[in-house]
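Please open the structure in a viewer and keep the selection tool at hand. The stops below say what to select next and what is to be found there.

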Protein chains: 2
Amino acid sequence: MVKQERAARTRRALIQAAAEVFAEVGFVPASLATISKRAGVSNGALHFHFANKIMLAEAVEAEAADKLRRLTESARARQGDSLQSVVDAVHELMNALARDVVVRAGFQLAGDIARRQASPLRKEWQRWVEDSLRRAARGGALADGVSWVDAARVIVVLTVGLEVLGGKDSFWLSQQNVTRFCELLLLPLTDRKAVGTLVCSGPPRQATVSVGVPSQVAARERKL
Amino acid sequence: MVKQERAARTRRALIQAAAEVFAEVGFVPASLATISKRAGVSNGALHFHFANKIMLAEAVEAEAADKLRRLTESARARQGDSLQSVVDAVHELMNALARDVVVRAGFQLAGDIARRQASPLRKEWQRWVEDSLRRAARGGALADGVSWVDAARVIVVLTVGLEVLGGKDSFWLSQQNVTRFCELLLLPLTDRKAVGTLVCSGPPRQATVSVGVPSQVAARERKL
């Protein structure tokens with residue numbers, strides 16, 4: 001393996017390990033020693049790639065933002081300017097939160113009150129939801145009296161709520177639960193003619209696997 | 001002032017100061033020295049009342065739980081086993097989160113991943129919501145095909161989402177926003193005959209004042 005490849009691999013391992021440790025204990029208590037040990041590299045190697053913990057957190061957030069962007073772009077490419085693109089993206093984001101520790105840690109860091117850096121993830125998601133609902137509303141997708149602002153707020157509150165509750169109990173992130181929320185909350189906001197064509201169950205779920213991370217999801221129990 | 005009164009007053013000042021500091025910086029970075037200084041008491045006085053930071057956090061949570069209980073009991077006393085009791089309690093909880101730093105810090109501590117103690121607040125709220133919707137459903141308050149479990153999940157996700165988003169932007173907690181969410185999300189779940197009698201704007205808002213805490217709310221701007 002050439003030197004550059006090895007460096008890239010070490011960097012990826014550090015981001016993955018940092019995401020795991022941030023997700024487990026939070027940003028402030030996470031120690032660089034724990035992260036380098038988890039990644040199987042020396043402290044020196046960690047400091048070669050990342051000057052401090054904030055830079056590691058930013059790398060986790062940047063990778064989570066990449067994944068979020070790929071997921072929203074793919075939903076729009078498949079579904080165009082329709083409500084279905086939003087339903088699909090919500091399903092895929094919830095699936096990513098359940099299965100990919102980098103995405104989960106990225107969003108948790110965004111909500112971590114102890115970290116003062118402004119975080120891009122929730123903002124980026126909110127902007128995409130607003131833009132998509134504006135487009136869908138132009139096409140007449142929303143019920144009479146429901147604005148794109150209303151619909152965007154509903155989606156943003158729903159996804160933040162599911163994200164936070166899903167951190168303790170992955171049932172909230174499951175396809176079954178997200179489908180039911182779509183039926184209960186989105187169908188009433190949808191134009192009557194469009195209701196029949198909205199597929200609340202979203203796309204088939206694929207495991208967005210984080211290599212080397214055991215899924216903590218299956219073991220959890222449905223609480224409500 | 002007799003000795004006991006003075007002790008009780010010091011204890012209250014410490015809980016108030018701890019809530020402010022936890023809400024501002026999070027549990028892990030909060031220092032006992034900052035808290036005692038904020039409360040205007042010596043470090044020794046702090047340690048006389050609270051052996052460590054965990055006990056202070058538990059006292060904040062206990063006081064927030066008291067306030068939550070008073071708020072839900074009063075909504076039920078006024079509105080009985082109706083959907084209106086839930087709408088009123090949601091409004092009052094959101095108002096308390098906006099105006100009372102002890103309630104806000106209590107809920108934030110519950111969500112603080114760095115604190116391993118199981119926290120009672122969200123669980124208590126969830127149980128009350130479930131119980132209230134079970135009662136309301138027995139009286140025929142929900143639309144055909146909507147179970148009390150469905151309705152309870154919607155309320156729980158909605159309130160967690162508003163709580164978390166409201167921590168950065170108090171518009172989410174405002175009467176205007178909560179009323180709109182009731183119209184968009186709860187009216188479609190309500191029995192057709194009951195829709196006309198549900199008051200989505202909730203009870204008149206009273207300032208649940210935390211004495212000595214400047215409201216950080218008014219200064220914030222509506223973001224969406």
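Select first the residues at which the chains meet: 100% of the interface residues of chain A are also interface residues in chain B, so the copies meet through the same surface. Contact here requires that the C-beta atoms of two residues, placed from the backbone, lie within 7 Å. The model is predicted, so local features need pLDDT of at least 70 and side-chain atom pairs count only at pLDDT 80 or more, while totals for chains, interfaces and linings use all residues. Residues are numbered from 1 along each chain as its sequence is written, and chains are lettered from A and ligands numbered from 1 in the order in which they are written.

**The interface**

Chain A contributes 26 residues to the contact, and chain B contributes 26 residues. On chain A, colour α6 (101-111), α8 (148-166) and α9 (175-186), each of which supplies at least two residues of the side that touches chain B. The most comes from α8(A), with 12 residues. Sorted by class, this side of chain A holds 19 nonpolar, four polar and three charged residues. In this classification Ala, Val, Leu, Ile, Met, Phe, Trp, Tyr, Cys and Pro are nonpolar, Asp, Glu, Lys and Arg are charged, and the others, Gly among them, are polar. Helices (H or I, at least four residues) and strands (E, at least two) are DSSP runs, numbered from the N terminus.

**The axis**

How is one chain laid on the other? A turn of 180° with a shift of 0.0 Å along the axis places chain A on chain B with an RMSD of 0.0 Å. That is the relation of a two-fold axis. To locate the axis, select A:Gly161, whose C-alpha is the nearest to it in chain A, at 2.0 Å. The superposition is by least squares on the C-alpha atoms of residues with pLDDT of at least 70 in both copies.

**Chain A as a whole**

Display chain A alone: it has 10 helices and zero strands. Of its 224 residues, 45% count as buried. A residue is buried if 20 or more other C-beta atoms lie within 10 Å of its own, exposed if 12 or fewer, and partly exposed in between, with C-beta atoms placed from the backbone. Among the contacts in chain A between residues at least 6 apart in sequence, 70% join residues at least 24 apart.

**Individual residues**

Within helix α6 of chain A, select A:Val101, which is buried, with 26 other C-beta atoms within 10 Å. A:Leu109 also has its place in α6 of chain A and is buried, with 24 other C-beta atoms within 10 Å. For an exposed position, go to A:Ala33 in helix α2 (residues 32-39) of chain A; A:Ala33 has 10 other C-beta atoms within 10 Å. From A:Ala33 to A:Leu46, 13 residues apart in sequence, the C-alpha to C-alpha distance is 9.0 Å.

Move next to chain B and select B:Ala98 in helix α5 (residues 83-99). B:Ala98 is buried, with 24 other C-beta atoms within 10 Å. Its C-alpha atom is separated by 7.5 Å from that of B:Gly166, 68 residues apart along the chain.

**The core and a helix pair**

The largest nonpolar core has 134 residues, and those with the most contacts inside it are A:Phe22, A:Val60, B:Phe22 and B:Val60. Such a core is a set of buried Ala, Val, Leu, Ile, Met, Phe, Trp, Tyr and Cys residues joined through C-beta atoms within 7 Å. Centre the view on B:Phe22: not counting residues up to four places away in sequence, B:Phe22 touches B:Phe27, B:Ala30, B:Ala57, B:Val60, B:Ala105, B:Gln108 and B:Leu109.

Finally, show helices α1 (residues 3-25) and α4 (residues 53-79) of chain B, whose axes come within 9 Å and cross at roughly 100°. The axes are lines fitted to C-alpha atoms, for helices over the stretch in contact, and angles run from 0 to 180 degrees between N-to-C directions. α1(B) and α4(B) are therefore roughly perpendicular to each other, the term for angles of 65 to 115 degrees, whereas those under 35 count as roughly parallel, those over 145 as roughly antiparallel and the rest as oblique. From α1(B), select B:Leu14, B:Ile15, B:Ala18, B:Ala19 and B:Phe22; from α4(B), select B:Leu56, B:Ala57, B:Ala59, B:Val60 and B:Glu63, which together make the contact. By class, this contact has nine nonpolar, no polar and one charged residues.
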